[in-house]
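Q: Hi! Could you walk me through this structure before I head back to the bench?

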Amino acid sequence: MVDNRYATALVIGSVLSLLATVYLSVAVGTQHWYQYNTPPVRHDSGNATELKEEFINGDFDEKTYSDTMFRLNGTLGLWWRCIRVPSPSHWFKERDPKLETQCVSFTLPQQFIGKFKEPGNHNSEEDLLRTYLWRCQFLLPLVSLALVFLSGLVGVCACLCRSFTPTLVVGVLHLLAGLCSLGTVCCFLAGMDLLHKSSALPKGVDASLGWSLYLALISSPLQMMAAALFLWAARSHRKSYTRMTAYRVA
């Protein structure tokens, strides 16, 4: 039988793991990791439609889509890049048009395209640091979710086999998943900082962190707390079982 303390730790750890998985999944699928606040006057420019068409249908170029996001209240995610443009009016030109969000997803090949030290200049030297930071921010959350899924399978097998030993493996997998989630946020922030050093923000444009990034950041300590509970339960139960066995032998 399992002591109530260990059972409680397992239940709490499972709930924390589920919350962390939901938070990280939502963060990966949304585009509010980083956002730009553009002065409203920029939306009245005549080339807003041209920028929108180039952003959506133009060739993939980091300099082009970054400058467009700077000018049109852009938001950036791990899989999405978005801008906010005035809604089309067929009858008259509104003084304060409503803004609508237009998003374009990064394709899988685009996630692995190299970054240049001078964004937009393909003749410049490749920036290996930014390239690998971008690839890591794409791969690490997938690895984290895969580790949590694998730990869930190990936990189910442990329940079916009525063994407490695999709980130690579950704890280690959650610890690795938490480190991957934290690494995702660190790689993303470092990459954005390097990008802004290469492409300075226009005057009057403010940049801020989005709620998607905070969800990913919250998921990391949740996974680590779940790992701590699983590891504590496995280690404490093993010591208790060893002492009980020694007492019976004696």
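The chat below goes through the fold, one helix, the salt bridges and a few single residues.

A: Happy to! One thing to keep in mind from the start is that this is a predicted model.

Q: Good to know. How many helices and strands are there in the chain?

A: The chain has seven helices and five strands. Going along the sequence, they come in the pattern α-β-α-α-β-β-β-α-α-α-β-α.

Q: And what share of the residues counts as buried?

A: Of the chain's 250 residues, 39% count as buried.

Q: Let's talk about α5. How many residues does α5 have, and how far does it reach?

A: Helix α5 covers residues 128-161. It has 34 residues and reaches 47 Å from its first C-alpha to its last, which is close to the 50 Å expected at 1.5 Å a residue.

Q: Where does α5 bend?

A: At Gln137, by about 25 degrees. A proline, Pro141, follows within four residues.

Q: What happens at the start of α5?

A: There, a side-chain oxygen of Asp127 comes to within 3.3 Å of the backbone nitrogen of Leu129. A polar atom of the Asp127 side chain also lies 3.4 Å from the backbone nitrogen of Arg130. Asp127 itself sits in the loop between α4 (108-111) and α5.

Q: Is Asp127 buried or exposed?

A: Asp127 counts as buried, because its relative accessibility is 13% and the cut-off for buried is under 20%.

Q: And which residue follows α5?

A: That would be Arg162, with a positive phi near 55 degrees.

Q: What is the usual sign of phi?

A: For most residues other than glycine, phi is negative. Asn73 is another residue with a positive value, with phi near 50 degrees. You'll find Asn73 in the loop between α3 and β2 (75-76), and at 13% relative accessibility Asn73 counts as buried.

Q: Switching to charges. How many salt bridges does a search of the whole structure find?

A: Six. As background, side chains of opposite charge can pair when their charged atoms come close.

Q: Give me one. What does Glu100 meet in a salt bridge?

A: The side chain of Lys52, at 3.8 Å from N to O. Glu100 is in strand β4 (residues 99-105) and Lys52 is in helix α2 (residues 48-57), so this pair ties together parts that are 48 residues apart in sequence.

Q: Which category does each partner fall into, Glu100 and Lys52?

A: Glu100 is partly exposed at 25% relative accessibility, whereas Lys52 is buried, with a relative accessible area of 18%.

Q: Back to α5 for a second. What does Arg130 form a salt bridge with?

A: With Glu62, where the closest N and O atoms are 2.7 Å apart. Glu62 lies in helix α3 (residues 62-71) and Arg130 in helix α5, so the pair links parts 68 residues apart in sequence.

Q: Are those two buried or exposed, Glu62 and Arg130?

A: Glu62 counts as buried at 10% relative accessibility, and Arg130 is buried too, with a relative accessible area of 4%.

Q: What about Lys117, which residue does it pair with?

A: Lys117 forms a salt bridge with Glu125, and the closest N and O atoms are 3.6 Å apart. Lys117 is partly exposed, with a relative accessible area of 42%, while Glu125 is exposed at 55%.

Q: Which residues do shared salt-bridge partners join into one network?

A: Glu62, Asp127 and Arg130. You've met Asp127 already, in the loop between α4 and α5.

Q: Now the surface. Which residues make the nonpolar patch?

A: Leu108, Phe112, Leu139, Leu142 and Val143 make a nonpolar surface patch of about 400 Å². Helix α5 gives the most to the patch, with three residues.

Q: Where is Leu142, and what is its relative accessible area?

A: Leu142 is in helix α5. Its relative accessible area is 37%, so Leu142 is partly exposed.

Q: Last one. Is Val148 buried or exposed?

A: Buried, with a relative accessible area of 9%. Val148 also lies in helix α5. From C-alpha to C-alpha, Val148 and Leu176 are 9.1 Å apart in space, and they are 28 residues apart in sequence.

Conventions. Residues are numbered from 1 along each chain as its sequence is written. This is a predicted model: local features need pLDDT of at least 70, side-chain atom pairs count only at pLDDT 80 or more; totals for chains, interfaces and linings use all residues. Side-chain values use heavy atoms; hydrogens and water are left out. Patches are made of residues with over 30% relative accessible area and no salt bridge: like charges are joined within 9 Å, nonpolar side chains (Val, Leu, Ile, Met, Phe, Trp, Tyr) within 5 Å. Accessible areas come from the Shrake-Rupley method with a 1.4 Å probe; for residues, only the protein chains shown count as cover. A salt bridge is a side-chain nitrogen of Lys or Arg within 4 Å of a carboxyl oxygen of Asp or Glu. Helices (H or I, at least four residues) and strands (E, at least two) are DSSP runs, numbered from the N terminus. Buried means under 20% relative accessible area, exposed over 50%, partly exposed in between (1.4 Å probe, protein chains only). The expected span of a helix is 1.5 Å times one less than its number of residues. The bend at a residue is the angle between axes fitted to the seven residues ending there and the seven starting there. A polar contact is a pair of N or O atoms within 3.5 Å; within protein, one must be able to donate a hydrogen and the other to accept it, and residues adjacent in sequence count only if both atoms are side-chain atoms.
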